[in-house]
Amino acid sequence: MTEIPVRDFDFHGPALDTIFDTYKELRDHCPVGWSDRYGGFWFLAKNEDIFNAEQDWATFSVAPSMLLPAFGTDEPMIPIDIDPPLHSAYRKLLLPLFTPRAVDALTPLVEETARTLADEVVKGEVADIGLGYARPLPSIIFCTLVGYPPEDWHMFDDWVDRIIYDRDVNPEESATAANEVRDYLWSLVERRRREPPKDDITGRLITAQIDGRPITDEEILNYGYLLFLAGLDTTAWAIRSSLWYLARNPQDQERLRRDPGLISSAAEEFLRTMSPVQAMARTATKDVEVGGCPIKKGDRVVLAFGSGNRDEDAYPDPDEIIIDREENRHFAFGAGIHRCLGSNLGRREVIVALREFLDRVPPFEAVNLDEPWHGVGPLTVRFIREA
Ligand code: HEM
């Protein structure tokens, strides 16, 4: 029997500090292997293997959950933890709110919000633009999209931190926060049922039909909960990591200021190289072999998107951030039937955030070089004003 390749591979917390070196080692020496973390999982590190698994949803199921570890609850999140045929019925419910046209309609609000936040953070000499800019922007937009009172966004950061960023070290805390969010979502649903109809996420969910029957209360909650966790920190991370890079690379910052037409290709490159979702899990529905490894029915399989995005077989100079890179298909939003429903919006928010920021603030540089590229924590910068 061939020996199973094993690595102590992790893709959360401090492991992210050095994860690009880890990925390189995996791609070179152990492109498919086993890690004992989180109950044990296979990992796929090559672009092609990840892509193939994304397409083969019948073998690589999203049930019981795509999240490893779970997001504070064992309830299946909708639509991310649901396989066909039900998956597309759920997805279709909200699709009209995420089309390019719907995102165009939201863009003036994104621009106005970005300007207000940029004008506020730039008042001092030094600012935490993670806290003051990258995080609030998606939360404020999300309130409008879902129908929360606009001032409620202040409560979201703490919940997201406890559910997403504490879950690998403190699952109890994550579960407590999950219950708080679900209670909060539920109070909105109950209130909205008493109010006149409105066309937003909550309005569509409470009146939805699935397979010719009314959606259940649990389904509404499991959909609303997923959106809360899918739409906030991902976009905040993408904005923060882009600004993190620009604060450390004055030449590219200057180039984007001079030529804002490059901002969309730069945003794509930041998404590829510093993806907010570094990996997602699947579960094998039957025995299958990948890269010579015997994956058994029921085994968890982690698709390491962040590694696939830096695969030398898929991109020239994969670790270089080339802000005018032309060919740039990546896994930041996934690739198969579960490809991010909010990708048009997430992308637009990142582009607008960068454009408005560069337009309204003077050149800026990193103050604390220890702040990591990943996550949604502080990003401290100094504004360089002409004397
Ligand atoms: C830059 C920001 C974002 C990134 C990087 C991102 C990334 C992802 C990724 C990697 C997946 C899983 C894809 C897969 O496994 O194939 C996903 C799914 C999803 N995302 Fe996003 N996301 C972002 C923003 C958003 C926003 C703003 C929303 C909504 C408000 C959203 C809603 C969803 C939903 C509903 C799914 C599940 C889709 C399905 O199962 O069919 N995302 N996202």
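Two strands are taken to pair if DSSP finds at least two bridges between them. In this predicted model, that criterion is met by β4 and strand β12 (residues 380-383), which pair in the antiparallel sense over three bridges. Within this pairing, V126 of β4 stands opposite R382 in β12. The two strands belong to an open sheet of three strands, arranged in the order β4-β12-β11 with antiparallel pairing. Because β4 (126-128) and β11 (364-366) each have a single partner strand and stand at the edges, one side of each is left without a neighbour in the sheet. Neighbouring strands of this sheet are turned against each other by 35° on average, when direction is ignored.

A second open sheet is formed by five strands in the order β1-β2-β10-β7-β3, and here the pairing is mixed. The edges are occupied by β1 and β3, each with a single partner strand, so that one side of each is left without a neighbour in the sheet. Strand β1 (residues 32-35) is joined to β2 by four bridges, and these two strands run antiparallel; W34 has W42 in β2 as its bridge partner. The hairpin of β1 and β2 has five residues between the strands, and in this hairpin Y38 takes a positive phi near 50°. On the next step through the sheet, β2 is joined to strand β10 (residues 300-303) by three bridges, with the two strands running parallel, and L44 has L303 in β10 as its bridge partner. At the other end of the order, β3 and β7 pair in the antiparallel sense over two bridges, with F60 standing opposite A284 in β7.

The side chains of strand β2 (residues 41-44) point in two directions, F41 and F43 one way and W42 and L44 the other way, and all of these residues are buried. Helix α2 (residues 47-55) lies across β1, β2, β3, β7 and β10, and runs at about 120° to β10.

Among the helices, α11 and α13 pack at an angle of about 105°, with their axes 10 Å apart, and the two are therefore roughly perpendicular to each other. In this contact, A238, S241, S242 and Y245 in α11 meet A267, F270 and L271 in α13; by class, the contact has five nonpolar, two polar and no charged residues. The loop between α13 (263-273) and β7 (280-284) contains P276, which is classed as buried because 23 other C-beta atoms lie within 10 Å. When residues up to four places away in sequence are not counted, P276 touches T234, W237 and A238. The C-alpha atoms of P276 and E356, which are 80 residues apart along the chain, are separated by 21 Å.

Burial is also found in helix α7 (residues 156-165), where F156, V160, R162, I163 and I164 are buried. The elements that cover these buried residues of α7 include α6 (136-146), α8 (171-194), α10 and α11.

A contrasting environment is given by T73, which lies in the loop between β3 (60-61) and α3 (86-94). With 19 other C-beta atoms within 10 Å, T73 is partly exposed, since a residue counts as buried if 20 or more such atoms lie within that distance. Leaving aside its neighbours within four places in sequence, T73 is in contact with A175 and A178. The C-alpha atoms of T73 and V290 are separated by 30 Å, the two residues being 217 residues apart along the chain.

The model also contains a ligand, which is surrounded by 28 residues, the closest being G231, G334, C340, G342 and G346. At least two residues of the shell around the ligand are supplied by each of α10 (217-231), α11 (233-248) and α15 (343-360), and α10 gives the most, with four residues. The residues of this shell divide into 17 nonpolar, eight polar and three charged. Helix α11 thus recurs in several settings, as it supplies residues to the shell around the ligand, packs with α13 and is among the elements covering the buried residues of α7.

Key:
Residues numbered from 1 in each chain as written. Predicted model: local features only at pLDDT ≥ 70, side-chain atom pairs only at ≥ 80, totals over all residues. Axes fitted to C-alpha atoms, helices over the stretch in contact; angles between N-to-C directions. Buried ≥ 20, exposed ≤ 12 C-beta atoms within 10 Å, placed from the backbone. Contact = placed C-beta atoms within 7 Å. Near = placed C-beta within 6 Å. Nonpolar A, V, L, I, M, F, W, Y, C, P; charged D, E, K, R; others polar. Parallel < 35°, antiparallel > 145°, perpendicular 65-115°, else oblique.
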